[in-house]
Amino acid sequence: SLVDTLHTGFYLSEIKLAEDDFKYLDEKKQDSRKLGFEKAGIIEFYGRQFKMMGSKNMYAYVLCNDDFTIKIARELSGGTYPELFIEYRSRFLLGGLEKAHKGLGEWLALFADIKSEKVSRADLATDYKGAIENFDINPQNVVKRCRKLNRRYEPISYDDNFDGNKLTGLNFGSG
């Protein structure tokens, strides 16, 4: 099994972005709004290229590329929420989770002092090849959603995960 996508919040003791950095991000955000976020061009941020995306909630800036999405708060939250939130994409994780995490941590250190971090979600992936009859997971033993400890809800269904005799995938924790 592989980690396909990883969502991690980083709590900071300091945001080291200069006022010029914020001004640059604000200008690029305004440009992206005018053009439409999907049509806006690529921006450069600390040596990496991104598309500026629309932001919501407590994050002033959302930058996205093929490797990861980073959400950046404009000020410290005092531990209320992570000031940086990263969604690592599968392409970025192909070289290994530790390598991706270390490389990203070094890059984040250019503009943030990380106090702590917390993984909020990890999407797992695995490849399976073989005939359906060789598929060794009993769907009645797999829980798709669970609300309370030691209680099972919504076992997966063959109807939702097959197209004829072809297994199309299994989703866990969605919704």
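How far apart should the ends of helix 3 (residues 97–108) be at 1.5 Å a residue, and what is the distance between its end C-alpha atoms? This is a predicted model. Helix 3 has 12 residues, and at 1.5 Å a residue they should span 16 Å. The end C-alpha atoms lie 16 Å apart, which agrees with that expectation.

**Helix 3: two faces**

Four residues of helix 3 are buried: Ala100, Leu104, Trp107 and Leu108. They cover an arc of only 95° around the axis, so they sit on the same side of helix 3. The face turned away from this buried side carries exposed residues. These are Glu98, Lys99, Lys102 and Glu106.

**Two single residues**

The table sets His7 beside Tyr46.

| Residue | Location | Relative accessible area |
|---|---|---|
| His7 | strand 1 (residues 2–15) | 10%, buried |
| Tyr46 | loop between strand 2 (42–45) and strand 3 (48–53) | 28%, partly exposed |

Why does His7 count as buried? Its relative accessible area is 10%, and buried means under 20%. Leaving aside residues up to four places away in sequence, His7 touches Phe85, Ile86 and Glu87. His7 also touches Lys118, Val119, Ser120, Arg121 and Asp123.

Tyr46 draws attention for its backbone. Its phi is positive, about 50°, although Tyr46 is not a glycine. Tyr46 belongs to the loop that runs between strand 2 (42–45) and strand 3 (48–53). With a relative accessible area of 28%, Tyr46 is partly exposed.

Technical notes. Residues numbered from 1 in each chain as written. Predicted model: local features only at pLDDT ≥ 70, side-chain atom pairs only at ≥ 80, totals over all residues. Heavy atoms only, no water. Helix = DSSP H or I, 4+ residues; strand = E, 2+ residues; numbered from the N terminus. Expected span 1.5 Å × (residues − 1). Buried < 20%, exposed > 50% of the residue type's maximum accessible area, 1.4 Å probe, protein only. Arc of directions from axis to C-beta. Contact = heavy atoms within 4.5 Å.
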